[in-house]
Amino acid sequence: MPKKFVGENSKAVVARARKEAVRKEEQQKKKQQEEDEYWRDDDKQIVKKQQRKDEKEKKKQELMEKKQAVKALLESEMSSIKSAKPEPKLTRLQITAKLTTEKKEAPSDPKVVVDEPIIENLNRLQIDGEEARTVDEALRVLGAAEKEIDKHPEKRMKAAFTAFEAENMERLKKEYPTLRLSQLKQMLRKEWMKSPANPLNNL
């Protein structure tokens, strides 16, 4: 008869212990997820604020990178400028000496000058009699417009009246010393309507 085992099977014990450890680990993960879910903040304002903060940080980082790139470019440019030696300044004596040597070295090509007759400038011609540069002047010279008609006497009316007023106001003040200025102006206006100085009376 086969011998009976008194204790437990060691393989079964190890397998059970392994299953128990896996189960405990899953329970721990589940519990941790529930706790994280409980403490997770769903406020949209906070999420937006965080996004803005992240964007701000990103922009700041990009700006810093650009500044560093510009600085590196400037430094490389400055080093290339420093490495290139400037030409020494020349004195007037050296410049004149250099110019004279260049003139001596340059081959002298004789220039051929062709004598051409000078053509008279038609724009400077003097014409006998009257000149006409516009259509109106040409018509006037030809005699088409015998009498010029003043087309806009109203435009000169104000200036003519002020000149008329300046000439005649003193005379009216002397003739009528007791009248007020408004009365004098009324009288002046009446004289103006009949005066030959009024452009409207010359039509």
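Which helix is the place of K48? K48 sits in helix α2, and the views below take this predicted model piece by piece.

**View 1. The whole chain is built from helices, with zero strands.** Count along the chain and you get six helices. Reading along the sequence, the pattern runs α-α-α-α-α-α. Of the 203 residues here, buried ones make up just 6%.

**View 2. Helix α1 spans residues 10-39.** That gives α1 30 residues. From its first C-alpha to its last, α1 reaches 43 Å, close to the 44 Å expected at 1.5 Å a residue. The number of buried residues among those 30 is zero, so α1 lies largely in the open. Buried here means under 20% relative accessible area.

**View 3. A patch of positive charge gathers on the surface.** Its members are K44, K48, K49 and R52. Let's pick out K48, which belongs to helix α2. With a relative accessible area of 45%, K48 counts as partly exposed, because that class lies between the under 20% of buried and the over 50% of exposed.

**View 4. L74, M78 and I81 make a nonpolar patch on the surface.** The patch comes to about 290 Å². As for L74, its home is helix α2, which covers residues 44-83. So what do Views 3 and 4 have in common? Helix α2 turns up in both, through K48 in the positive patch and through L74 in the nonpolar one.

Note on methods. Residues are numbered from 1 along each chain as its sequence is written. This is a predicted model: local features need pLDDT of at least 70, side-chain atom pairs count only at pLDDT 80 or more; totals for chains, interfaces and linings use all residues. Side-chain values use heavy atoms; hydrogens and water are left out. Patches are made of residues with over 30% relative accessible area and no salt bridge: like charges are joined within 9 Å, nonpolar side chains (Val, Leu, Ile, Met, Phe, Trp, Tyr) within 5 Å. Accessible areas come from the Shrake-Rupley method with a 1.4 Å probe; for residues, only the protein chains shown count as cover. A salt bridge is a side-chain nitrogen of Lys or Arg within 4 Å of a carboxyl oxygen of Asp or Glu. Helices (H or I, at least four residues) and strands (E, at least two) are DSSP runs, numbered from the N terminus. Lys and Arg count as positive and Asp and Glu as negative; His and the chain ends are not counted. The place of a charge is taken as NZ of Lys, CZ of Arg, CG of Asp or CD of Glu. Buried means under 20% relative accessible area, exposed over 50%, partly exposed in between (1.4 Å probe, protein chains only). The expected span of a helix is 1.5 Å times one less than its number of residues.
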